[in-house]
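These are my notebook entries on a structure that I examined for its charged pairs, its aromatic rings and its surface. The sequence and the model are shown first.

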Amino acid sequence: MPENPEGPAPDAEAAQAPSDRPDRTVHELDARTLRGLAHPLRMRLLKALRSNGPATASQLAEQLGESSGATSYHLRQLAAYGFVEDAPEHGKGRERWWKSAHYGTRLPESVAIDPNPEVRGAVDLFRHEVATIHAQEASTWIANSHDWPQEWQLASDLSDFTLRLTAAETAELVRKLHDVINSYDRTEPAEDARMVRFHVHALPRTQDQGTAD
C-alpha cells in the first residue's frame with residue numbers, strides 16, 4: 001500500500017492487466033485528502049483495487065470480510081476525495097464497479113511534518129495502517145510459502161540491517177532504493193511475472209541494538 005507512502009515509489013501492483021491498470025500518476029496527499037484516506041477500511045479497499053483491479057462493493061466486502069454496506073459507504077467516501085472512480089466498462093445491469101483513480105499514493109514531507117494536531121493524528125493512523133498491511137503481507141507469505149515453486153521460495157527475502165548514518169545519508173539511501181525498485185517496473189511484464197511486494201522501512205533508533213542480515 002505505499003507501499004512506501006513517503007517516497008517516490010508509489011503503492012502499486014505491476015501485474016494487473018494493462019486495461020485494468022489506473023493511470024500511472026501518483027496521488028500526492030494534502031492535509032484534506034490525508035484525513036479522507038486515513039481510515040483502516042478505506043486504505044484496505046484502495047489497496048485491494050490497486051492489487052486486484054476493478055470490483056464491486058459486494059465483491060470487496062467478501063474479500064475483506066466486511067459488510068457490503070460498509071464497503072459501499074467507504075468507497076463513496078474514497079470517491080469524494082478522488083481516490084477511486086466508477087469503472088462503467090465492467091458494469092452489468094445495476095452493479096456499480098469501482099477502480100483506483102491513480103497508480104499510487106505519496107505522503108509529501110510538508111504533510112508528514114505538519115504541526116496541526118489533527119493532521120499529525122491522521123499521519124500516525126496512516127503510517128500504522130501501512131505498517132499493519134506490511135506485517136500481514138509478510139505473515140501471509142510465510143504461511144503460504146511452501147505452496148510456491150522452489151524458485152520463488154528462494155527468490156523471497158526477509159532481511160534487516162542496522163547502519164550508522166546521518167539523516168541526509170538515510171534519505172539518500174531510501175531514494176536510491178526506490179530508484180532501483182522503480183527501474184524494474186514495467187507496463188508489460190513478462191509472461192511468467194507475478195506480483196512481488198517490496199517493503200522499504202527506514203527506522204531511526206535511539207541506541208545500537210546489534211546487526212542482523
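Entry 1: Arg-44 and its partner. I looked up Arg-44 and found it partly exposed, with a relative accessible area of 26%. I note at once that I am working with a predicted model. Which residue forms a salt bridge with Arg-44? I found that the partner is Glu-66, and that the closest N and O atoms are 3.3 Å apart. Arg-44 belongs to helix H2 (residues 40–52), while Glu-66 sits in the loop between helix H3 (57–64) and helix H4 (68–80). The two residues are 22 apart, and the pair links distant parts of the chain. I recorded Glu-66 as partly exposed also, at 31% relative accessibility.

Entry 2: Asp-86 and Arg-96. I next took up the salt bridge between Asp-86 and Arg-96, where the closest N and O atoms lie 2.7 Å apart. Asp-86 is in strand S3 (residues 84–86) and Arg-96 is in the loop between S3 and strand S4 (97–100), so this bridge ties together parts 10 residues apart in sequence. I entered a relative accessibility of 36% for Asp-86, which counts as partly exposed. For Arg-96 I entered a relative accessible area of 42%, and this residue is partly exposed as well.

Entry 3: a network. I then asked which residues are joined by salt bridges that share partners. I found one network, made up of Lys-47, Glu-137 and Arg-197.

Entry 4: Arg-106 and Glu-28. I counted nine salt bridges in the structure. One of them joins the side chains of Arg-106 and Glu-28, at 3.3 Å from N to O. Why does this pair tie together parts that are 78 residues apart in sequence? It does so because Arg-106 lies in strand S5 (residues 104–106), whereas Glu-28 lies in strand S1 (residues 26–28). Arg-106 has a relative accessible area of 23% and is partly exposed. Glu-28, at 48% relative accessibility, is likewise classed as partly exposed.

Entry 5: aromatic rings. I searched the whole structure for aromatic pairs and found two. In the pair of Trp-141 and Trp-148, the ring centres are 5.7 Å apart and the planes stand at 65 degrees, so I classed the pair as edge-to-face. The rings of Trp-148 and Trp-152 have centres 5.9 Å apart and planes at 70 degrees, so this pair is edge-to-face too. The cut-off that I applied is an angle over 60 degrees. Trp-141, Trp-148 and Trp-152 thus make up one aromatic cluster. Are these residues buried or exposed? I found Trp-141 partly exposed at 22% relative accessibility, Trp-148 partly exposed at 25%, and Trp-152 partly exposed at 23%.

Entry 6: a nonpolar patch. I turned to the surface and noted a nonpolar patch of about 480 Å². Its members are Phe-161, Leu-163, Leu-165, Leu-173 and Leu-177. I looked up Leu-173 separately and located it in helix H8 (residues 167–183). Leu-173 is partly exposed, with a relative accessible area of 34%.

Entry 7: confidence. I closed with the pLDDT, which averages 86 over the chain, with 85% of the residues scoring at least 70. Residues 1–22 have a pLDDT below 50, and this stretch has 77 contacts in the model beyond near neighbours in sequence. Where pLDDT is low, predicted coordinates should not be read in detail.

Technical notes: Residues numbered from 1 in each chain as written. Predicted model: local features only at pLDDT ≥ 70, side-chain atom pairs only at ≥ 80, totals over all residues. Heavy atoms only, no water. Salt bridge = Lys/Arg side-chain N within 4 Å of Asp/Glu carboxyl O. Helix = DSSP H or I, 4+ residues; strand = E, 2+ residues; numbered from the N terminus. Buried < 20%, exposed > 50% of the residue type's maximum accessible area, 1.4 Å probe, protein only. Patch = residues over 30% accessible without salt bridge, like charges linked within 9 Å, V, L, I, M, F, W, Y side chains within 5 Å. Areas by Shrake-Rupley, 256 points an atom, 1.4 Å probe, with all protein chains shown as cover. pLDDT = per-residue confidence, 0-100. Contact = heavy atoms within 4.5 Å. Phe/Tyr/Trp six-rings, centres within 6.5 Å; stacked < 30°, edge-to-face > 60°.
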